[in-house]
Amino acid sequence: MTKIIGVGNYIPSETITNLFFDKHIFLNEKGILLKEDNTSITDKLKKITGIEERRYAHNTEVTSDLGFIAAKAAIENAGIDPETLDYIIFAHNFGDVRFGTIQSDAVPSLAARVKHLLGIRNNFCVAYDVLFGCPGWIEGVIQANAFIKAGMAKRCLVIGGETLSRVVDIHDRDSMIYADGAGAAVLEVNNEDDSGIKAHLSASYTFEEKDYLYFGKSYNNEKCPDTKYIKMDGRKIYEFALVNVPDAMKKCLDSSGYSISQLNKIIIHQANEKMDEAIVNRFYQLYNTPVPENIMPMVIHKLGNSSVATIPSLLTMILKDELEHHKIQKDDVVLFASVGAGMNINAFVYKF
């Protein structure tokens, strides 16, 4: 069994409220100015996604810096010597993008940079990155679990970090969704009790769904003709998620041996409040069961969508008693799930 023994996160200090976008010039995909004023645009964003504010990294920070801080916190929380780590797995999507630049830097890997910053001298601590869209951190956990179950590792560090504020098109209203942050967890082999990962599932939909999230041109083609930014087809992603994520969650839970009545929490990627609520509602409908109160903690209102960082950051906040009305206690069963670029879906069931 693979058990989480330490968690940590780094939530950047720069708070960006919706007022930040008041002077932005928002265009549609054809480069035409949107008819609504910016107040109406941000009000609509809040109504749909729940986002009131988000966090941006300081101008001097890059993704690997955020990941290092989260990793250090997780290692301290676990109370281990970092030299005993067998793997460092860093999930991200765009590498280190320095403030004011447009170039992604991922050589050497961000995992290697974090290992260096941690001062680890053990050459057999293997450091590598995972690019799997927003579900990257969960995929890293699943890979760490595989290494541990195969006897290839006893202890792994899995990090999820991103600075999406560096890759957004300021003329695209979707840019208001994205945020920066990092979260991490230390996992190790558990032979003492029955806590740990009970089941997992991963899927990649790439036939028609590959370009629902992509790198594309700015909506202001005159000022930014050659620069590409993160783009998405929000409606297709919403429809895809509602059709596929609840079924994946059910398949994962059923394979764990636990019933829906035994589930204590659902920790889902914080992408869109309305979408997440719809996913969880449909998930419970598959069991003909009403959605329990406080089953799904949400922090997107204040932290925005920080991609791979959302789930490990949220888990850390809960385990450190930083969220009102949400606790995870011993023997609780938690379902983790995510969806994102690929299009990828994954999930795992964990008993604490």
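**Close-up views of a two-domain chain**

Domain 1 and domain 2 bury about 4500 Å² between them, with 63% of that area on carbon and sulfur atoms; buried area here is the accessible area (1.4 Å probe) that two parts lose on being put together, summed over both. The model is predicted, so local features need pLDDT of at least 70 and side-chain atom pairs count only at pLDDT 80 or more, while totals for chains, interfaces and linings use all residues. Residues are numbered from 1 along each chain as its sequence is written, and side-chain values use heavy atoms, with hydrogens and water left out.

**View A. Two domains meet.** The domain assignment of the protein chain gives domain 1 (2-193) and domain 2 (197-351); such bounds come from an automatic or database assignment. Taken over C-alpha atoms, the centres of the two domains are 15 Å apart. Here 57 residues of domain 1 are in contact with 52 residues of domain 2, contact meaning heavy atoms within 4.5 Å.

**View B. Polar and charged links across the interface.** Between domain 1 and domain 2 there are 24 residue pairs in polar contact, both residues at pLDDT 80 or more. A polar contact is a pair of N or O atoms within 3.5 Å; within protein, one must be able to donate a hydrogen and the other to accept it, and residues adjacent in sequence count only if both atoms are side-chain atoms. On the side of domain 1 that touches domain 2, the elements giving two or more residues include α1 (38-49), α4 (136-149) and β7 (180-189); helices (H or I, at least four residues) and strands (E, at least two) are DSSP runs, numbered from the N terminus. The largest share of this side, seven residues, comes from α4. Four salt bridges are counted between the two domains, a salt bridge being a side-chain nitrogen of Lys or Arg within 4 Å of a carboxyl oxygen of Asp or Glu.

**View C. Salt bridges up close.** The structure holds 13 salt bridges. In one of them, Glu52 and Lys302 meet at 3.0 Å, N to O. This pair links distant parts of the chain, 250 residues apart, with Glu52 in the loop between α1 and β3 and Lys302 in helix α7. Lys231 also forms a salt bridge, with Asp172, and their closest N and O atoms are 3.1 Å apart.

**View D. An aromatic pair.** The whole structure has 12 aromatic pairs; rings of Phe, Tyr and Trp (its six-membered ring) pair if their centres lie within 6.5 Å, and planes under 30 degrees apart count as stacked, over 60 as edge-to-face and the rest as tilted. The ring centres of Tyr205 and Phe240 are 5.0 Å apart and their planes are at 80 degrees, so this pair is edge-to-face. Tyr205 sits in the loop between β8 (196-204) and β9 (213-217), and Phe240 in helix α5 (residues 234-256), 35 residues apart.

**View E. Backbone details in loops.** The peptide bond from Val107 to Pro108 is cis, with omega near 0 degrees, and Pro108 lies in the loop between β4 (87-91) and α3 (110-118). Another cis peptide bond joins Gly342 and Met343.
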